[in-house]
Amino acid sequence: MDRAHDHLRGMDDARRLLFRSTHIYLLFASLLNLALGLYLPPGPGGWRLPVRVLGSGLVLASPALSMAGFCAEPWPSGLERPYSRPAAYASLAGMLLHLLARPRVG
């Protein structure tokens with residue numbers, strides 16, 4: 001946004017909003033992956049392992065979808081979010097699956 005679009009100066013408000021929001025979604029998805037990778041305990045066995053793998057796959061897909069949204073979504077004239085919406089839902093579903101597959105303590 002700095003070099004290619006001159007800090008979004010002179011851009012209409014809707015397009016600026018889309019650039020900034022997709023930028024935040026990309027940051028969110030990346031930080032979610034970082035936090036999950038730093039604090040995830042060793043894998044559980046049984047049925048929890050495939051649930052956790054599926055959850056990790058969804059969380060890992062989220063930054064790629066967010067990046068696609070950052071590159072493509074500000075340019076159409078409407079406010080459609082064909083990449084950012086699935087990225088947010090993938091993050092939510094992935095984290096809920098991780099919550100479901102967490103090992104029992106105690």
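A helix here is a DSSP run of H or I with at least four residues, a strand is a run of E with at least two, and both are numbered from the N terminus. By that rule the protein chain has three helices and zero strands, and from the N terminus on its elements run α-α-α. The model is predicted, so local features need pLDDT of at least 70 and side-chain atom pairs count only at pLDDT 80 or more, while totals for chains, interfaces and linings use all residues. Residues are numbered from 1 along each chain as its sequence is written, and side-chain values use heavy atoms, with hydrogens and water left out.

**The chain as a whole**

- Of the 106 residues of the protein chain, 32% count as buried, where buried means under 20% relative accessible area, exposed means over 50%, and partly exposed lies in between, for a 1.4 Å probe and protein chains only.
- Among contacts between residues at least 6 apart in sequence, 68% join residues at least 24 apart, a contact being heavy atoms within 4.5 Å.

**Helix α1 and its buried residues**

- Helix α1 has 27 residues, which at 1.5 Å a residue should span 39 Å, and its end C-alpha atoms are 39 Å apart, in agreement; the expected span of a helix is 1.5 Å times one less than its number of residues.
- The buried residues of α1 are R15, L18, F19, S21, T22, L26, A29, L32, N33 and L36, and what covers them includes α2 and α3.
- F19, which has its place in helix α1, is buried with a relative accessible area of 3%, and it lies 9.2 Å from G69, C-alpha to C-alpha, although the two are 50 residues apart in sequence.
- L26 also belongs to helix α1, and, when residues up to four places away in sequence are not counted, L26 touches P63, S66 and M67.
- The C-alpha atoms of L26 and A64 are separated by 8.4 Å, with their positions 38 residues apart along the chain.

**Helix α2 and its buried residues**

- For the 25 residues of α2, a rise of 1.5 Å a residue gives an expected span of 36 Å, and the end C-alpha atoms are indeed 36 Å apart.
- In α2 the buried residues are R48, V51, R52, G55, V59, S62, P63, S66, G69 and F70, and their cover includes α1 and α3.
- S66, found in helix α2, is buried at a relative accessible area of 1%, and, leaving aside neighbours within four places in sequence, S66 is in contact with Y25, L26, A29 and A87.

**How α1 packs against α2**

- Two packed helices are described by the angle between their axes and the distance between the axes.
- The axes of α1 (residues 13-39) and α2 (residues 48-72) come within 9 Å and cross at roughly 160°; axes are lines fitted to C-alpha atoms, for helices over the stretch in contact, and angles run from 0 to 180 degrees between N-to-C directions.
- The two helices are therefore roughly antiparallel to each other, given that angles over 145 degrees count as roughly antiparallel, under 35 as roughly parallel, 65 to 115 as roughly perpendicular and the rest as oblique.
- The crossing of α1 and α2 is left-handed, a term for a near helix turned anticlockwise from the far one by less than a right angle, with clockwise giving right-handed.
- This contact is made by F19, T22, H23, Y25, L26, A29, S30, L32, N33 and L36 of α1, together with V59, L60, S62, P63, S66, M67, G69 and F70 of α2.
- By class, the contact of α1 with α2 has 11 nonpolar, seven polar and no charged residues, where Ala, Val, Leu, Ile, Met, Phe, Trp, Tyr, Cys and Pro count as nonpolar, Asp, Glu, Lys and Arg as charged, and the others, Gly among them, as polar.

**How α1 packs against α3**

- Helix α3 (residues 84-100) packs with α1 at an angle of about 20°, the axes being 11 Å apart, and the pair is therefore roughly parallel.
- The crossing of α1 past α3 is left-handed.
- On the α1 side T22, Y25, F28, L32 and L36 meet S84, S91, M95 and H98 in α3, and the residues of this contact divide into five nonpolar, four polar and no charged.

**L32, a residue of α1 in both contacts**

- L32 is found in helix α1 and counts as buried at 16% relative accessibility.
- Leaving aside neighbours within four places in sequence, L32 is in contact with V59, S91 and M95.
- L32 and V59 are 27 residues apart in sequence and 7.7 Å apart in space, C-alpha to C-alpha.
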